[in-house]
Amino acid sequence: MFERIDYYAGDPILGLMDKFAADNNPDKVNLGVGVYYDEDGKMPVLECVKTAEQRIADPISPRPYLPMAGLPGHRKGCQELLFGKDAQILQDGLVATIATIGGSGALKVGAEFIHEWFPQSKCYVSDPTWGNHIAIFEGSDVEVGKYPYYDTATGGIKFDEMIAFFETLNKDDVLLLHPCCHNPTGVDLTREQWDQVLNVIQARELIPFMDIAYQGFGEDMDSDAYAIRKAVDMGLPLFVSNSFSKNLSLYGERVGGLSVVCPTVDETDRVFGQLNSTVRRIYSSPPSHGGRVVDIVMNDEALHEQWVGEVYAMRDRIKSMRTKLKSVLEEKIPGRSFDYLTAQNGMFSFTGLTPEQVAQLQSKYGIYMVSNSRMCVAGLNSTNIDYVANAMVDVLKD
Ligand SMILES: Cc1[nH+]cc(COP(=O)(O)O)c(/C=N/[C@@H](CC(=O)O)C(=O)O)c1O
């Protein structure tokens, strides 16, 4: 009966977690999946989350179905984080926002919506991008193409090629963009480059779909949302998927959001309704526990302030690991530049190691990176960084 079913080869990122767990090497280091570990190598429970959890636990309350769009406070939290607390579009009711099952759920609902209401549209992703971008949109029968992005020769961006490519696209084609902390390269556009990209989007009447999963890990909450807010200022239609997995350290609670910025209140109502309809036919409604944590942290002024401080502490620790690894490697390999480590932004660094070198790090040292050479810098700490640097020197010497 099920012989026709293909074997699943496994996910290049999530599959690393199982391999890492099974590895008996006492020195193993997990630099694979994009999660934040603290200086002790532990996944933190943020203080603001602990407070929210205590409020949820006492008094304990029933767990009814949430609305298809999730809790109003979760949705409000997404909107204010993405667009700014006093954004005019929020006061004017021009943003349709739903709470989703993580950023992945936001992308899935968005992809289904595009397939249903913009059936002629193709979706273009950066080359390279987070692999699940392609799988999610293709899984919703949206044809996916790639736009030039990372320049392996320079470690920068093929900006002119990218713009020239955008200028060949058709009205309503979708561009899946990383507003900050590009995954997997860590190489972000400058504000001037974003302005040029948004001008082309406006001229070609393309649909920007911005996926922000690491807000606060780049520069700061507002700067990381520059591209989002500039698109709003230009009056562009805009999709934004956001994730609280990393910046609330709530990975397994599956909390995120999907927002669609619309030109009129009537269109906002239409879009909001169809987002609800799409949710209903995929997973019906989002999980309540994580939604309540988001609602409490985002809407309690003191907890929100504490949260921002905790995110910046995570950001700064990652930046310190970038600086440290760069200096240790440059000391061990004089004459070779590792500037990319501090030039790149957010949780990931694109090391440029070959698949063979990545495999050697794993087999010989128990150091896990994604096969495309992406390193999750948040997995480094002062205990393991010399071990990782020595291992990188070893595999780089051949
Ligand atoms: C760019 C991006 N968008 C969305 C997501 C999904 O977020 P979530 O809220 O967990 O559904 C991730 C997760 N990325 C990390 C984990 C994964 O691959 O699922 C990663 O790149 O390691 C992203 O890196």
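**Figure 1. Ligand contacts of Arg374, Lys246 and Gly34 in the predicted model.** A polar side-chain atom of Arg374 is 2.8 Å from an oxygen atom of the ligand. For Lys246, a polar side-chain atom lies 3.2 Å from a ligand oxygen atom. Gly34 takes part through a polar backbone atom, 2.6 Å from an oxygen atom of the ligand. A polar contact is a pair of N or O atoms within 3.5 Å; within protein, one must be able to donate a hydrogen and the other to accept it, and residues adjacent in sequence count only if both atoms are side-chain atoms. The ligand has 17 residues around it, of which Gly34, Ser104, Asn183, Asp211 and Tyr214 come nearest (a heavy atom of the residue within 4 Å of the molecule). This is a predicted model, in which local features need pLDDT of at least 70 and side-chain atom pairs count only at pLDDT 80 or more, while totals for chains, interfaces and linings use all residues. Residues are numbered from 1 along each chain as its sequence is written, and side-chain values use heavy atoms, with hydrogens and water left out.

**Figure 2. Crossing of helices α3 and α9.** The axes of α3 (residues 72-83) and α9 (residues 226-233) come within 8 Å and cross at roughly 90°. Axes are lines fitted to C-alpha atoms, for helices over the stretch in contact, with angles from 0 to 180 degrees between N-to-C directions. Helices (H or I, at least four residues) and strands (E, at least two) are DSSP runs, numbered from the N terminus. Glu80, Leu81, Leu82 and Phe83 of α3 meet Ile228, Arg229 and Val232 of α9 (heavy atoms within 4.5 Å).

**Figure 3. Two cis peptide bonds before proline.** The bond from Asp127 to Pro128 is cis, with omega near 0°. Pro128 sits in the loop between β3 (123-127) and α6 (131-139). From Asn183 to Pro184 the peptide bond is also cis, with omega near 20°. The loop that holds Pro184 runs between β7 (174-177) and α8 (191-204).

**Figure 4. Asp141 and its backbone angle.** Asp141 is not a glycine, yet has a positive phi of about 60°. Asp141 belongs to the loop between α6 and β4 (144-148). Most residues other than glycine have a negative phi.
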